[in-house]
Amino acid sequence: MSQAEANTNIIAAHEQILHFPKGGKPTLASNEWQIWNGSQDEGGLPDLEHGPHNVLVPFAWWIQHHKEIDIQSKAKAGQIGVWFAADDDILKHADLIEQGKAVWPLVAAHFPIFRDGRSFSTAALLRDRFQWTGEIRAIGDVLIDQLLQGARVGFDSFALRPDQNLDIALKQFDLFSVTTQNSWRNKRSLLATN
């Protein structure tokens, strides 16, 4: 398979991610994960020996292949995480997600287009119902405009669309000093009354 063909199987993202851990400050970090769309002709994983050594696989693909010994060993070695499509019914697969919590170093929720907000709900469900404490990354058509809402519902890293300005993205978290609603990160600000 040529490099051009391989690149059509990878969902585009910035070379850096915006990482914003709960209780921490937003920073930029190297994006060490390729986001595989699951459509490789051979049906197998992308080459993890050359190039990026970690891959996010579609949850639908994980459902079909998670029992394979090679897949389990790579997941336990921290090389495989999963991403959820906007229309994945994660509540239907609660048992599999509970098992995945023991092996997935990273999960992601995919935004197929920026105006499709279903992946915000996925992040909130993972944090609230599944008590996911690991990293949840926003991937796909992720724009600067989505960062504040994403951080509120449970995302702690963002693989922005390649055309987004990372310097401007970092400044989004300094726009507001008061929050009026509770979120995954913190309680709302108490306003002084006279």
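A polar contact here is a pair of N or O atoms within 3.5 Å; within protein, one atom must be able to donate a hydrogen and the other to accept it, and residues adjacent in sequence count only if both atoms are side-chain atoms. Keep that in mind for Gln-131, where a polar side-chain atom lies 2.5 Å from the backbone oxygen of Asp-128. The model is predicted, with local features needing pLDDT of at least 70 and side-chain atom pairs counted only at pLDDT 80 or more, while totals for chains, interfaces and linings use all residues. Residues are numbered from 1 along each chain as its sequence is written, and side-chain values use heavy atoms, leaving out hydrogens and water.

Let's begin with the sheet. Its 8 strands make an open sheet with mixed pairing, in the order S2-S1-S8-S7-S6-S5-S4-S3. Strands (E, at least two residues) and helices (H or I, at least four) are DSSP runs numbered from the N terminus, and two strands pair if DSSP finds at least two bridges between them. Strands S2 (27-30) and S3 (33-35) are at the edges with a single partner strand each, so one side of each has no neighbour in the sheet. S3 pairs in the parallel sense with S4 (residues 54-58) over 3 bridges, and Ile-35 has Leu-56 of S4 as its bridge partner.

Now move to strand S6 (106-111). Buried means under 20% relative accessible area, exposed over 50%, and partly exposed in between, using a 1.4 Å probe and protein chains only. By that standard 6 of the 6 residues of S6 are buried, so this strand is largely enclosed by the rest of the structure. In a regular strand the side chains alternate between the two faces of the sheet. In S6, Leu-106, Ala-108 and His-110 are buried on one side, and Val-107, Ala-109 and Phe-111 on the other.

S6 has parallel pairings with S5 over 3 bridges and with S7 over 6 bridges. Val-82 stands opposite Val-107 in the first of these pairings, and Ala-109 has Ala-138 of S7 as its bridge partner in the second. From S6 the chain crosses through H5 to S7 in a right-handed β-α-β crossover, meaning that, with the strands pointing away from the viewer, the path from the first strand over the helix to the second runs clockwise.

The loop between H5 and S7 holds Gln-131. This residue is exposed, with a relative accessible area of 51%, and has a positive phi of about 55° although it is not a glycine. The C-alpha atoms of Gln-131 and Glu-98 are separated by 9.5 Å, though the two residues are 33 apart along the chain.

Further on, in strand S7 (residues 135-140), comes Arg-137. Is Arg-137 buried or exposed? With 4% relative accessibility, Arg-137 counts as buried. Its side chain makes a polar contact of 3.2 Å with the side chain of Asn-31. Taking contact as heavy atoms within 4.5 Å, and not counting residues up to four places away in sequence, Arg-137 touches residues including Trp-33, Leu-106, Phe-155 and Phe-158.

Phe-155 and Phe-158 lead us to the interior, being among the residues with the most contacts inside the largest nonpolar core, which has 40 residues. Such a core is a set of buried Ala, Val, Leu, Ile, Met, Phe, Trp, Tyr and Cys residues joined through side-chain atoms within 4.5 Å.

Notes. Axes are lines fitted to C-alpha atoms, for helices over the stretch in contact, and angles run from 0 to 180 degrees between N-to-C directions.
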